[in-house]
Protein chains: 2
Amino acid sequence: MSETPPGKGASAARAPRRVRADAQRNLKTLIKAALDVFAASGVDAPVREIAEKAGVGVGTLYRHFPQRSDLIVAVFRSGVDCCADAAETLAEEHPPLEALSRWMQHYVDFIATKRGLAAALYSGNPAYDNLPAYFEQRLVPALKSLLDKAGAAGEVRRDVDPFDLLRAVAQLSNSAPGDSEHTRRMVALLIDGLRYGATSDHKPRQ
Amino acid sequence: MSETPPGKGASAARAPRRVRADAQRNLKTLIKAALDVFAASGVDAPVREIAEKAGVGVGTLYRHFPQRSDLIVAVFRSGVDCCADAAETLAEEHPPLEALSRWMQHYVDFIATKRGLAAALYSGNPAYDNLPAYFEQRLVPALKSLLDKAGAAGEVRRDVDPFDLLRAVAQLSNSAPGDSEHTRRMVALLIDGLRYGATSDHKPRQ
DNA sequence: CCTTATACGGAACATTGTTCCGTTTATCAA
DNA sequence: TTGATAAACGGAACAATGTTCCGTATAAGG
């Protein structure tokens with residue numbers, strides 16, 4: 001955002017040295033490692049395990065994420081961002097209904113990696129206070145856009161609230177942990193439900 | 001329940017020595033201490049603190065509750081039992097509406113001591129799997145009986161689901177932790193809501 | 001009163017979050 | 001290219017906490 005190249009600073013302070021390359025690399029590596037470890041062992045996984053997986057000392061981890069919760073938040077947000085971005089990509093590359101369907105599975109996969117997150121959310125730790133808002137703020141518009149496109153094409157009904165759907169899928173994902181096939185089938189069923197009573201009254205002109 | 005006095009056992013085994021008095025005493029003391037500590041510091045309070053408050057070594061605590069979660073479960077169940085029993089007592093000692101109202105406040109106080117329990121419930125630890133069922137199984141009938149009595153007396157409407165009410169109160173209690181007065185007012189409001197549209201069609205004959 | 005199964009206490013251990021600090025290294029200017 | 005230096009690194013050390021172990025104390029029963 002604010003690169004501040006070597007040239008003299010606008011105000012008084014000495015030109016702040018650019019962020020070191022290894023630091024940037026480690027930041028990405030850590031988030032990736034945490035993503036994997038959380039997916040494999042839940043968000044309660046020990047920090048050391050993550051540091052080791054990233055090939056980094058715990059000191060380095062703590063330099064980037066002063067608190068364990070900061071790492072969890074970062075991973076969660078990056079996952080949410082990834083999901084939200086995928087909505088755009090999918091909408092460009094696929095017909096409306098398929099884009100919607102693929103996105104749903106994408107979302108299911110995301111939720112699946114969040115074992116134990118619910119407990120953290122309910123822990124009362126203020127570090128997580130903003131997560132639900134961020135979740136809703138990024139994902140509701142993403143899904144809404146997909147639903148609207150599919151609705152306009154007359155492929156799904158238009159009376160479904162995106163947030164309801166997000167929550168429902170999250171609940172389905174948590175009901176039978178480990179049986180991802182069951183979740184997949186139920187989500188597919190949910191999507192079929194969307195098609196029931198679809199009207200093409202706003203069918204696009206071409 | 002099964003006292004097994006010194007007399008020869010019914011089947012084969014040697015008459016098992018009676019449970020030592022100090023052990024019984026410590027068990028009660030521990031639950032009481034845990035109740036207080038959990039109420040003061042939430043269910044995440046350290047075991048040592050509870051043992052100390054009970055005037056007992058951690059070894060003793062672990063003899064009675066092999067896992068930390070066992071203690072939490074025991075305290076929770078004893079609280080639920082206490083609430084359920086209070087329903088009967090209150091129904092005997094007060095007119096229907098007041099019994100209902102008093103029980104609600106009793107229940108609010110119970111919920112208030114359960115800070116952090118939600119997180120435990122969502123933790124995925126199977127130790128807590130049965131708690132919600134126990135909760136519902138004991139409290140729904142208790143509340144239902146109070147509601148029915150008040151409903152039969154024509155003091156409250158009869159279309160309210162006890163479980164809904166329990167959940168609503170729990171949610172109100174968690175929304176503003178620390179402001180118990182707010183909770184109290186909102187619960188009072190909820191009860192007033194019960195009175196709206198009450199019908200005395202089944203008014204008792206005397 | 002003696003024996004003994006039972007229970008007790010708390011030190012010791014294991015795990016995990018977090019801090020500290022000596023060492024390494026990327027960046028920048030000369 | 002090279003040297004100075006701020007930034008970043010690694011991991012030992014610390015602290016908090018769940019859990020185990022075992023020597024000691026004691027209530028129950030004869």
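What rotation, with what shift along its axis, superposes chain A on chain B? In this predicted model, the superposition of chain A on chain B is achieved by a rotation of 179° accompanied by a shift of 0.1 Å along the axis, and the RMSD is 0.1 Å. Because the transformation has these values, the relation between the chains is that of a two-fold axis. Within chain A, the residue that comes closest to the rotation axis is A:A119, whose C-alpha lies at 2.2 Å. Of the interface residues of chain A, 100% are also interface residues in chain B, so the copies meet through the same surface.

The residue A:A119 appears again in the description of the second largest pocket, which has a volume of about 420 Å³. This pocket is lined by 20 residues, of which A:D44, A:A119, A:S123, B:D44 and B:A119 are the closest to its centre. Both chains contribute helices to the lining, since at least two residues each are supplied by α4 (68–93) and α6 (117–121) of chain A and by α4 (68–93) and α6 (117–121) of chain B. By residue class, the lining of the second largest pocket comprises 10 nonpolar, 6 polar and 4 charged residues.

Helix packing within chain B was also examined. Two packed helices are described by the angle between their axes and the distance between the axes. For helix α5 (residues 96–112) of chain B and helix α9 (residues 180–195) of chain B, the angle is about 145° and the axes are 11 Å apart, and the crossing of α5(B) with α9(B) is right-handed. On the side of α5(B), the contact is made by B:L97, B:L100, B:S101, B:M104, B:Q105, B:V108 and B:D109, while α9(B) contributes B:T183, B:R184, B:V187, B:I191, B:L194 and B:R195. The residues of this contact between α5(B) and α9(B) divide into 7 nonpolar, 3 polar and 3 charged.

Note on methods:
Residues numbered from 1 in each chain as written. Chains lettered and ligands numbered in written order. Predicted model: local features only at pLDDT ≥ 70, side-chain atom pairs only at ≥ 80, totals over all residues. Heavy atoms only, no water. 1 Å grid on protein atoms, 1.4 Å probe; cavity = no way out; pocket = protein on both sides within 12 Å on 5 of 7 lines; lining within 4 Å. Points joined across faces, edges and corners; volume = space filled by probe spheres on them. Helix = DSSP H or I, 4+ residues; strand = E, 2+ residues; numbered from the N terminus. Nonpolar A, V, L, I, M, F, W, Y, C, P; charged D, E, K, R; others polar. Axes fitted to C-alpha atoms, helices over the stretch in contact; angles between N-to-C directions. Left-handed = near helix turned anticlockwise from the far one by under 90°. Contact = heavy atoms within 4.5 Å. Least-squares fit on C-alpha atoms with pLDDT ≥ 70 in both.
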